[in-house]
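Dear colleague,

I am passing on the structure we talked about, and I would be glad if you could look it over alongside the notes that follow it.

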Amino acid sequence: KNRNLNKNDNEKHISQVDEIVAAAVTGGITGYVTNPLDLIKTKLMVDSAMYSGFSDCLRKTVTENGAMSLLQGGGARVAWLMPFTAIYLPMYELIKRKMEKRSSFGEETALGLKGGAQQSLQRKIGHIKKNVHGRYMLPGKKRTIFSF
């Protein structure tokens, strides 16, 4: 809506309905495109003894069932992600705008709070993964980039 604005034109605000539709479409596309990765991750989680790692699981899946098998479950993933992103992304934008209005520092503070919380959470998750990975790593098993 704001691509071809001149310097003197007022910025047009995107409606809540537009945000919801855009988020749902984005979630659907993302869900379908990332489905092969999710399928391999799920297979590794359910039956990790059958595979030596991510690439082995991918190779066996394609060899045994064909390349199109990587899209199995894509419809269910899209059906889950579309409503999730249709709710999450517009709510995030709404909360961000409200924080920007209340804050005397503006957008930098709102984004900084979000970024700080995200970094803190990532640090804690990384610490947990490191402890769990070291504790439950089987002796003699090779570590790969996809080992968690």
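Rings of Phe, Tyr and Trp (its six-membered ring) are taken as a pair if their centres lie within 6.5 Å, with planes under 30 degrees apart counted as stacked, over 60 as edge-to-face and the rest as tilted. By that criterion, ring pairs link Trp 80, Phe 84 and Tyr 88 into a cluster.

The model is predicted, so local features need pLDDT of at least 70 and side-chain atom pairs count only at pLDDT 80 or more, while totals for chains, interfaces and linings use all residues. Residues are numbered from 1 along each chain as its sequence is written, and side-chain values use heavy atoms, leaving out hydrogens and water.

The whole structure holds two aromatic pairs. Trp 80 and Phe 84 are stacked, at 5.5 Å centre to centre with 5° between the planes, and they sit four residues apart in helix H4 (residues 74-102; helices are DSSP runs of H or I, at least four residues, numbered from the N terminus). Phe 84 and Tyr 88 are stacked as well, at 5.7 Å and 5°. Trp 80 is exposed (over 50% relative accessible area, 1.4 Å probe, protein chains only; buried is under 20%, partly exposed in between) at 52%, whereas Phe 84 is partly exposed at 41% and Tyr 88 likewise at 46%.

Elsewhere, the largest nonpolar core (buried Ala, Val, Leu, Ile, Met, Phe, Trp, Tyr and Cys residues joined through side-chain atoms within 4.5 Å) consists of six residues, namely Leu 39, Ile 40, Tyr 51, Phe 54, Cys 57 and Leu 70.

Best regards

Conventions. Helices (H or I, at least four residues) and strands (E, at least two) are DSSP runs, numbered from the N terminus.
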